[in-house]
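Trainee: I should like to go through this structure with you, one question at a time. May we begin once it is in front of us?

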Amino acid sequence: PRWVLTVARPSGELTIRDRGGRVLVAGIYPHPGRKLTMTEGRSAGRDNTWRYSTLTKLVTSEIKVKDDGSTVRLSVSGTYPRPQPEKEKEVKRSDEPLDQLDKPGKQKEVKDESFTGGYQAEITPGGAITIRYDYAPTNAKGRFSEAGLSVLLPSHLTEFRWIGQGPYAGYPGKDRLNEFGLFHLNREDLNFQGNRRETECALVTTAKGAGVALVTDAADVAVERNGDKTLLSHNVIMSGLGNKGTSPETFIDADKTPRISGSFTIVMLDDTWPEMLTRWFGKPGAREAFKPFYHSYDQ
């Protein structure tokens with residue numbers, strides 16, 4: 001009664017809207033990478049790093065819907081080709097500002113490299129959606145910075161709350177400034193973007209509270225500004241960041257990664273939260289963004 005889920009055939013594009021027509025979820029896609037730091041950008045060509053955060057083109061698609069008693073099971077599967085910039089000149093110099101480095105442009109598909117598999121969404125009568133995903137990197141070369149599944153959200157969901165490590169982004173070899181706790185950042189905050197370790201619950205909502213809650217066993221959960229959208233990603237593999245001229249201590253070779261699989265639950269929220277969320281996070285509201293600079297090169 002509170003929202004409508006639509007899947008387009010044969011593209012597999014998924015949308016969830018509330019009854020007023022407002023978009024809450026703009027897509028669910030396999031997630032083979034992240035927006036690269038300047039250090040990662042300098043070595044991305046040499047390491048053949050997967051540059052794009054989501055794989056949005058689905059070929060040989062298979063969409064199934066099954067009414068299983070009180071539960072509806074939706075599965076979206078197929079082959080997702082690896083994209084690359086169409087022309088060499090579109091691969092920006094490594095010393096350019098990072099907001100230009102991986103700016104979406106015309107793409108081409110890398111021959112034979114892809115993710116093969118899909119996700120299943122189990123929708124319960126109460127509205128919770130349990131998502132299980134399983135992808136096989138097929139003929140994959142190079143390195144993954146991180147990988148899992150991304151939920152694509154509209155940018156008007158500006159408030160990010162989570163229970164996990166924070167307040168800063170955390171990665172293997174770079175998480176010692178964080179502590180486990182409860183945190184709240186605005187989408188425009190300098191520290192918004194990045195992965196949060198040991199996350200158990202993450203909310204991305206409007207100031208009034210409408211949006212999405214992601215619940216999981218302690219996991220890596222990342223947020224990323226993606227043009228006019230926001231990615232909320234559940235990660236099952238995670239590399240370090242490294243330093244300028246030095247590879248990270250933890251890195252993920254694509255050809256040594258047989259499966260990318262995991263599970264989590266999402267719940268659509270309206271302006272009135274369940275009592276449990278209010279007990280944890282307080283009442284919905286906006287947080288002022290910490291945005292002290294005119295321009296930040298890695299944003």
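Trainee: Are Tyr-80 and Tyr-135 buried or exposed?

Mentor: Please keep in mind that this is a predicted model. Buried here means under 20% relative accessible area. Tyr-80 and Tyr-135 both fall in that class, and the answer for the two residues is therefore: buried.

Trainee: How are the rings of Tyr-80 and Tyr-135 arranged as a pair?

Mentor: A pair of aromatic rings is described by the distance of the centres and the angle of the planes. For Tyr-80 and Tyr-135 the centres are 5.9 Å apart and the planes stand at 80°. Planes over 60 degrees apart count as edge-to-face. The arrangement of Tyr-80 and Tyr-135 is therefore edge-to-face.

Trainee: How many residues apart are Tyr-80 and Tyr-135, the pair that links distant parts of the chain?

Mentor: Tyr-80 belongs to strand β6, residues 71-85. Tyr-135 belongs to strand β8, residues 129-138. The separation between Tyr-80 and Tyr-135 is 55 residues.

Trainee: Which parts of the chain does the pair of Phe-115 and Phe-144 tie together?

Mentor: The rings of Phe-115 and Phe-144 are edge-to-face, with 5.8 Å from centre to centre and 85° between the planes. Phe-115 is buried at 0% relative accessible area, and Phe-144 is buried at 2%. Because Phe-115 lies in β7 (residues 107-123) and Phe-144 in β9 (residues 143-144), their pair ties together parts 29 residues apart in sequence: strands β7 and β9.

Trainee: Which residues do ring pairs link into a cluster?

Mentor: The count of aromatic pairs comes to ten. Tyr-80 and Tyr-135 form one edge-to-face pair, and Phe-115 and Phe-144 form an edge-to-face pair as well. Ring pairs join these four residues with others into a cluster of Trp-50, Tyr-80, Phe-115, Tyr-133, Tyr-135, Phe-144 and Phe-264.

Trainee: Which ring has Arg-196 over its face?

Mentor: Arg-196 also takes part in a polar contact, where its backbone oxygen lies 3.0 Å from a polar atom of the side chain of Thr-199. Thr-199 in turn touches Trp-162, among other residues. Arg-196 lies 4.7 Å from the centre of the ring in question, that of Trp-162.

Trainee: Is Thr-199 buried or exposed?

Mentor: Thr-199 is placed in strand β13, residues 194-205. The residues that Thr-199 touches include Ile-163, Gly-164, Thr-216 and Val-221. Its relative accessibility is 1%, so Thr-199 counts as buried.

Trainee: Why is one side of β1 and of β3 left without a neighbour in the sheet?

Mentor: The open sheet has three antiparallel strands in the order β1-β2-β3. Within this sheet, β2 (residues 14-18) is joined to β3 by two bridges, and Arg-17 stands opposite Val-23 in β3. β1 (3-7) and β3 (23-25) stand at the edges, so the reason is that each has a single partner strand.

Trainee: Which residue does a cis peptide bond join to Arg-9?

Mentor: The omega of this bond is about 0°. The partner lies in the loop between β1 and β2. The residue joined to Arg-9 is Pro-10.

Trainee: Is Thr-60, with its positive phi, buried or exposed?

Mentor: Thr-60 lies in strand β5, and its phi is about 45° although it is not a glycine. Its relative accessible area is 63%, so Thr-60 is exposed.

Notes: Residues are numbered from 1 along each chain as its sequence is written. This is a predicted model: local features need pLDDT of at least 70, side-chain atom pairs count only at pLDDT 80 or more; totals for chains, interfaces and linings use all residues. Side-chain values use heavy atoms; hydrogens and water are left out. Two strands pair if DSSP finds at least two bridges between them. Helices (H or I, at least four residues) and strands (E, at least two) are DSSP runs, numbered from the N terminus. Rings of Phe, Tyr and Trp (its six-membered ring) pair if their centres lie within 6.5 Å; planes under 30 degrees apart count as stacked, over 60 as edge-to-face and the rest as tilted. Buried means under 20% relative accessible area, exposed over 50%, partly exposed in between (1.4 Å probe, protein chains only). A charge sits over a ring if NZ of Lys or CZ of Arg is within 6 Å of the ring centre and within 35 degrees of the ring normal. Contact means heavy atoms within 4.5 Å. A polar contact is a pair of N or O atoms within 3.5 Å; within protein, one must be able to donate a hydrogen and the other to accept it, and residues adjacent in sequence count only if both atoms are side-chain atoms. Lists of a residue's contacts leave out its neighbours within four places in sequence.
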